[in-house]
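Subject: Structure for you to look at

Hello,

Please find the structure below, with the sequence. My notes on what was found in it come after.

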Amino acid sequence: MANLEIKSDADIDQWIANHERAGKTRSTLYQELIVDRNRRHGKGLDLATSIAALTRSAKEKRYISYGDLAAANGLTWSKARLRMNGKHGHMDDLLAYCHSHEMPLLTAIVVGRDHLDSGEMDDETINGFVAGSRRLGVSVSEPVAFLKQCQSECFEWAARQADAPDVADTVEE
């Protein structure tokens with residue numbers, strides 16, 4: 001394990017970007033970098049907690065809202081909102097973590113509260129999901145079909161998992 005404590009935030013972000021450009025998003029160092037970035041900037045949004053919540057939701061074959069994911073981390077939506085989205089936000093770190101560990105892209109089941117029944121995403125949300133996936137080297141030609149495929153993979157994968165906390169234990173800090 002690299003000593004990431006001595007690296008600046010900019011160094012960590014640059015290393016992550018270099019790994020993504022080189023297609024090395026499954027390397028151990030990349031995995032460590034994602035966990036470290038979340039540790040530094042998560043501000044209450046924890047990868048292990050979120051993965052456990054997403055896995056529980058997927059095991060129940062249901063979508064989860066951003067607010068419910070924030071609540072699983074002990075935060076209100078108003079406190080978590082700005083930390084959740086965008087490049088280097090919590091959703092981006094979750095996406096990278098899942099991809100780097102060859103898990104389904106669990107962020108596919110996080111939708112706006114008004115889409116909990118359908119699993120649909122508004123244009124901005126699906127564009128962010130697709131952009132993050134492409135940054136990780138995933139080929140996406142049809143965004144809606146890709147989203148639906150990812151959601152199915154989440155539900156199928158979760159059905160084969162033991163308890164959600166066991167999955168979360170894979171997040172090392």
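Start with the first two helices. In this predicted model, helix H1 (residues 9-22) packs with helix H2 (residues 28-41) at an angle of about 145°. Their axes are 10 Å apart, and the crossing is left-handed. On the H1 side the contact is made by Asp9, Ile12, Asp13, Trp15, Ile16, His19 and Glu20. On the H2 side the residues are Leu29, Tyr30, Leu33, Ile34, Asp36, Arg37, Arg40 and His41. Sorted by type, the residues of this contact divide into seven nonpolar, two polar and six charged.

H2 itself has 14 residues. From its first C-alpha to its last it reaches 20 Å, close to the 20 Å expected at 1.5 Å a residue. Buried in H2 are Tyr30, Gln31, Glu32, Leu33, Ile34, Val35, Asp36, Arg37 and Asn38. What do the buried residues of H2 pack against? Their partners are H1, helix H3 (47-59) and helix H6 (90-100). After H2 comes Lys43, which has a positive phi, near 45°.

Next, the salt bridges. The count comes to ten. Three pairs are described here.

The side chains of Asp13 and Arg37 form a salt bridge, at 3.7 Å from N to O. Asp13 belongs to helix H1 and Arg37 to helix H2, so this pair ties together parts that are 24 residues apart in sequence. Is Arg37 buried or exposed? Arg37 counts as buried because its relative accessibility is 2%, and the cut-off for buried is under 20%. Asp13, at 24% relative accessibility, counts as partly exposed.

A second salt bridge joins the side chains of Asp68 and Arg113, at 3.3 Å from N to O. Asp68 is in helix H4 (residues 66-72), while Arg113 is in the loop between strand E2 (110-111) and helix H7 (123-135), so the pair ties together parts 45 residues apart in sequence. Asp68 is partly exposed, with a relative accessible area of 32%. Arg113 has a relative accessible area of 51% and is exposed; the cut-off for exposed is over 50%.

In the third pair, Arg135 forms a salt bridge with Asp92, and the closest N and O atoms are 2.4 Å apart. This pair also links distant parts of the chain: Arg135 is in helix H7 and Asp92 in helix H6, 43 residues apart. Arg135 counts as partly exposed, at 23% relative accessibility, whereas Asp92 counts as buried, at 10%.

There is a network as well. Glu5, Asp9, Asp36, Arg39 and Arg40 are joined into one network by salt bridges that share partners. Two of these names will be familiar from the helix contact above: Asp9 is among its residues on H1, and Asp36 is among those on H2.

Two further residues have backbone angles to look at. Lys61 is not a glycine, yet it has a positive phi of about 55°. Where is Lys61 found? Lys61 is in the loop between H3 and strand E1 (64-65). Lys61 is exposed, with a relative accessible area of 53%. Glu102, likewise not a glycine, has a positive phi of about 55°. Glu102 is in the loop between H6 and E2, and at 62% relative accessibility it counts as exposed.

Last, helix H8 (residues 143-159). H8 has 17 residues and reaches 25 Å from its first C-alpha to its last, close to the 24 Å expected at 1.5 Å a residue. The buried residues in H8 are Phe146, Leu147, Cys150, Gln151, Cys154, Phe155, Trp157 and Ala158.

One of these, Gln151, is worth finding in the viewer. Gln151 has a relative accessible area of 1%, so it is buried. Which residues does Gln151 touch, not counting residues up to four places away in sequence? They are Tyr63, Ala108, Ile109, Val111 and Gly119. Gln151 and Val110 are 41 residues apart in sequence, and their C-alpha atoms are 9.5 Å apart in space.

Regards

Conventions:
Residues are numbered from 1 along each chain as its sequence is written. This is a predicted model: local features need pLDDT of at least 70, side-chain atom pairs count only at pLDDT 80 or more; totals for chains, interfaces and linings use all residues. Side-chain values use heavy atoms; hydrogens and water are left out. Axes are lines fitted to C-alpha atoms, for helices over the stretch in contact, and angles run from 0 to 180 degrees between N-to-C directions. Helices (H or I, at least four residues) and strands (E, at least two) are DSSP runs, numbered from the N terminus. A crossing is left-handed if the near helix is turned anticlockwise from the far one by less than a right angle, and right-handed if clockwise. Contact means heavy atoms within 4.5 Å. Ala, Val, Leu, Ile, Met, Phe, Trp, Tyr, Cys and Pro count as nonpolar, Asp, Glu, Lys and Arg as charged, and the others, Gly among them, as polar. The expected span of a helix is 1.5 Å times one less than its number of residues. Buried means under 20% relative accessible area, exposed over 50%, partly exposed in between (1.4 Å probe, protein chains only). A salt bridge is a side-chain nitrogen of Lys or Arg within 4 Å of a carboxyl oxygen of Asp or Glu.
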